[in-house]
Amino acid sequence: MSSLSVSASGIAGHRAMAIIEARRMARHPVFLLGVVLAYVVLALFLALNDDEVVPDVLTLPVLGAFYIGLTSVIAAARLTRSTEVAVEAVATAPGTEARRTLALAAAGIPPLLAGLAFSAAVVIDAQVQGVAAQEWWFDTLPDWQVWSIVLLCPAACLGGALLGVLTGRWLRFRGASAVVVVALIVVSLLGQVPLLETGSSEWRLWVPWAMFHSGTDADGTQTLLAGNPGAYLGYLLALGALAVLAAMWHDRTARTPRFHTVIAALATTALALFALGVMTGNHDNRVSEPIPFKVKS
Amino acid sequence: MSARLWYLRRGVAWLPVLVGCGVAAITALLLARWPDAAVVLAPALLACCAAAAAFVYDEDALPVVAVTPRGTRWRRANRLAAALVPLAVWAVVVALRPGDVPLARQGWWLVGGAAVLLVAGSAALASRRLVPAPGAALAPVVAVAVVAPVTFAGLFSWGTLYPIGDFPDPVRTVWLGVALSGAAACAVALRPGLRP
């Protein structure tokens, strides 16, 4: 009955559709499983940590990005495909496929919030427990760089959901989201690992999840990888927005000249942010002072 | 035998199974090219094979075929044989050791066998509960679950579930446990009857 009360067009109608999609995402079991796993692994890491301080803080956002982001790809793809069983009935309803796709983008809100809460938990715990003086954190890095790296987690969670919408719209074979998940992992790995130890590690920033922190090496040092994390954060958000537009482009009626202009502008923005990420920020990898209690003899 | 082969050829959703095997083959080529990335690529390869096994029980007409005289046990037992295809891909890749990655063959065969058995058993259980196409939901979750232990490696002192080089006994024990769980799932799923 609630669908009958949704106005066919305008902001109010779109908001109602978006809220429905966000709620469906928030209740999706795969998404919920990912959120629970992310927090359980973080809690285990902190509980089993023998040191008095939190180590490798800037590596922890990868946990949220992996568990919440990847499960959001799966959940969003399934939400998108789930409407296809009723496509004939839906097609007779007011509104276009592009509008429904735009509403589906709201499925990214729960992962974004879960990622923000995850990052907040990391920051709060680091502030409460403290970090080593040599650790790459607020005392050794500009605040904007720390915040940018920490906020990569919610950006990746949001991007995962938007990539899931894109996957659901365009890839119709069974197991498409499984292929996308494996491809994301492989591309993120192979796109950056060969570059990490080179003098041009900033070129790794084209991948959908770039590392900025190496973790602690055997000599107790930590490497902060080159590049501008603030611009990379913007690049990730631009990729997410491009994913939504590419999913909307599936609807032939949406392919207007104005829409093409928006896509071109956003793609240009993403490229500019990538260029900024590569050319500004830290020009070379920076190695920290050794953390005494992390040196392995 | 011919009836079984005929059924497998016509009944199994081969396209997603073979897509999974194909992606596994591509990942094996990447592993040959970048053997230093084996820590993640080998589990990703396993994820492809295990995800492929999730589709062997996909059957859109399940409510119809479930009540045919041939019986659900015959159908489920034969479909389990289709899981041998992704398992064979895994076995060949481990035997060839692309990029000369020092994979302990027996240990890694156990890893693949255990993962594929557990996934196929889970899909069979879903089929027993009249889920017509468990693969679409199971495969992506399996892909994430198989790669997930890689994130533990750098964080905890437990070691890794995917050791490159020596294959420690504790890791073997874990995978034997996974294999036993898979065998139990298959045994339950292959019992006659349905559990809607």
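## A small sheet and two helical chains

In this predicted model, strand E2 (residues 222–224) of chain A is joined to E3(A) by two bridges, and the two strands run antiparallel. Within this pairing, A:Thr223 stands opposite A:Val287 of E3(A). E2(A) is also joined to E1(A), again by two bridges and again with the strands running antiparallel; here A:His213 has A:Leu224 in E2(A) as its bridge partner. Taken together, the three strands make an open sheet with antiparallel pairing, in the order E1-E2-E3 (chain A). The edges are strand E1 (213–216) and strand E3 (286–287) of chain A, each of which pairs on one side only. E1(A) and E2(A) form a hairpin that leaves five residues between the two strands, and A:Gly220, which lies in the turn, has a positive phi of about 85°.

### The two chains as wholes

Chain A has twelve helices in addition to its three strands, whereas chain B has ten helices and zero strands. Read along the sequence, chain B therefore gives the pattern α-α-α-α-α-α-α-α-α-α. The table sets some overall values for the two chains side by side.

| Chain | Residues | Radius of gyration | Radius for a compact globule | Source of the values |
|---|---|---|---|---|
| Chain A | 297 residues | 21 Å | near 19 Å | computed over C-alpha atoms |
| Chain B | 196 residues | 17 Å | near 16 Å | computed over C-alpha atoms |

For chain A, the radius of gyration of 21 Å agrees with the value near 19 Å that a compact globule of 297 residues would have. For chain B, the 17 Å likewise agrees with the value near 16 Å for a compact globule of 196 residues. Taken along the principal axes, the C-alpha atoms of chain A fill a box of roughly 70 × 40 × 35 Å, and those of chain B fill a box of roughly 50 × 30 × 25 Å.

Of the 297 residues of chain A, 47% count as buried, and of the 196 residues of chain B, 43% do. When contacts in chain A are taken between residues at least 6 apart in sequence, 84% of them join residues at least 24 apart; in chain B, with the contacts chosen in that way, the figure is 81%.

### Where the chains touch

The contact between the chains takes 24 residues from chain A and 30 residues from chain B. On the side of chain A that touches chain B, the elements that give two or more residues are helix H2 (29–47), helix H3 (61–82), helix H9 (176–190) and helix H10 (193–196) of chain A. H9(A) gives the most to this side, with nine residues. By class, the side of chain A that touches chain B has 19 nonpolar, four polar and one charged residues.

### Buried helices in each chain

In chain A, helix H7 (residues 143–150) has as its buried residues A:Gln145, A:Val146, A:Ser148, A:Ile149 and A:Val150. What covers these buried residues of H7(A) includes H3, helix H6 (109–129), helix H8 (152–170) and helix H11 (229–248) of chain A. H3 of chain A is also among the helices that give two or more residues to the side touching chain B.

In chain B, helix H8 (residues 135–147) is mostly covered, since eleven of its 13 residues are buried. Among them are B:Gly135, B:Ala136, B:Leu138, B:Pro140 and B:Val147. At 1.5 Å a residue, the 13 residues of H8(B) should span 18 Å, and the end C-alpha atoms are indeed 18 Å apart, which agrees.

### Two residues of helix H6 in chain B

B:Ala91 is found in helix H6 (residues 84–96) of chain B, and B:Leu84 is found in helix H6 of chain B as well. B:Ala91 has 18 other C-beta atoms within 10 Å and is therefore partly exposed, because a residue must have 20 or more to count as buried. B:Leu84, with 14 C-beta neighbours inside 10 Å, also counts as partly exposed, because the exposed class requires 12 or fewer.

Leaving aside residues up to four places away in sequence, B:Ala91 touches B:Trp109 and B:Gly112. B:Ala91 and B:Pro168 are 77 residues apart in sequence, and their C-alpha atoms are 20 Å apart in space. B:Leu84 and B:Gly113 are 29 residues apart in sequence, with a distance of 9.3 Å from C-alpha to C-alpha.

Technical notes. Residues numbered from 1 in each chain as written. Chains lettered and ligands numbered in written order. Predicted model: local features only at pLDDT ≥ 70, side-chain atom pairs only at ≥ 80, totals over all residues. Contact = placed C-beta atoms within 7 Å. Helix = DSSP H or I, 4+ residues; strand = E, 2+ residues; numbered from the N terminus. Nonpolar A, V, L, I, M, F, W, Y, C, P; charged D, E, K, R; others polar. Rg over C-alpha atoms; globule rule 2.2 N^0.38 Å. Pairing = 2+ DSSP bridges. Expected span 1.5 Å × (residues − 1).
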